[in-house]
Amino acid sequence: MTETGYWQQKYAKGQTVFIIQSKLYLRQAKVLHYRDGFYVIRFADSNGGVCLRQSRLYGSKDAAETVIEKAKE
């Protein structure tokens with residue numbers, strides 16, 4: 001982990017991460033860029049990408065699935 005300004009980078013460039021869409025679906029992505037708490041990611045299942053806050057990313061599929069299960073309760 002490296003530190004950039006106020007924010008601390010949690011995921012490295014090229015690392016695989018997961019996001020939750022609509023509180024139901026998992027999507028796998030790769031980190032392309034990081035700056036001040038935001039990551040630019042590219043989805044594994046398409047050429048699309050998005051810029052998201054660090055709090056929306058999960059480092060493992062298990063961590064993301066745990067959040068989905070808690071939301072269903």
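Me: How many positive and negative side chains does the chain have, and how far apart do the centres of the two sets lie?
Reply: This is a predicted model, to get that out of the way. The chain carries 12 positive and 7 negative side chains, and the centres of the two sets sit 7 Å apart. Lys and Arg go in the positive set, Asp and Glu in the negative one.

Me: What makes up the chain, going from the N terminus on?
Reply: You get 1 helix and 7 strands, and the order reads β-β-β-β-β-β-β-α.

Me: Why is the chain called as compact as a globular protein of that length?
Reply: Its radius of gyration is 12 Å, and the globule rule gives 11 Å for 73 residues; the two are close, so the chain counts as that compact. As for its extent, the C-alpha trace spans about 40 × 25 × 15 Å along the principal axes.

Me: What share of the residues counts as buried, and what does the accessible surface come to?
Reply: Of the 73 residues, 26% count as buried. The accessible surface of the chain is about 5,200 Å², with 50% of that belonging to carbon and sulfur atoms.

Me: What share of the contacts with a separation of 6 or more comes from residues 24 or more positions apart?
Reply: That share is 35%.

Me: Why is Q9 called buried?
Reply: The cut-off is under 20% relative accessible area. Q9 has 15%, so Q9 is buried. You'll find Q9 in the loop between β2 (7-8) and β3 (16-21).

Me: What makes the pair of Q9 and Y11 a polar contact?
Reply: A polar atom of the Q9 side chain lies 2.8 Å from the backbone oxygen of Y11. The limit is 3.5 Å, so that distance fits.

Me: How do you know whether S22 is buried or exposed?
Reply: Exposed takes over 50%. S22 has 61% relative accessibility, so S22 counts as exposed. S22 belongs to the loop between β3 and β4 (25-35).

Me: And K23, buried or exposed?
Reply: K23 has a relative accessible area of 64%; the bar is over 50%, so K23 is exposed. K23 is also found in the loop between β3 and β4.

Me: What is phi of S22, and what is phi of K23?
Reply: Phi of S22 is near 55°, and phi of K23 is near 60°. Each is a positive value in a residue other than glycine.

Me: Why point out a positive phi?
Reply: Because most residues other than glycine have a negative phi.

Technical notes. Residues numbered from 1 in each chain as written. Predicted model: local features only at pLDDT ≥ 70, side-chain atom pairs only at ≥ 80, totals over all residues. Heavy atoms only, no water. Helix = DSSP H or I, 4+ residues; strand = E, 2+ residues; numbered from the N terminus. Rg over C-alpha atoms; globule rule 2.2 N^0.38 Å. Buried < 20%, exposed > 50% of the residue type's maximum accessible area, 1.4 Å probe, protein only. Contact = heavy atoms within 4.5 Å. Areas by Shrake-Rupley, 256 points an atom, 1.4 Å probe, with all protein chains shown as cover. Charge placed at Lys NZ, Arg CZ, Asp CG, Glu CD. Polar contact = N/O pair within 3.5 Å; in protein donor to acceptor, adjacent residues only side chain to side chain.
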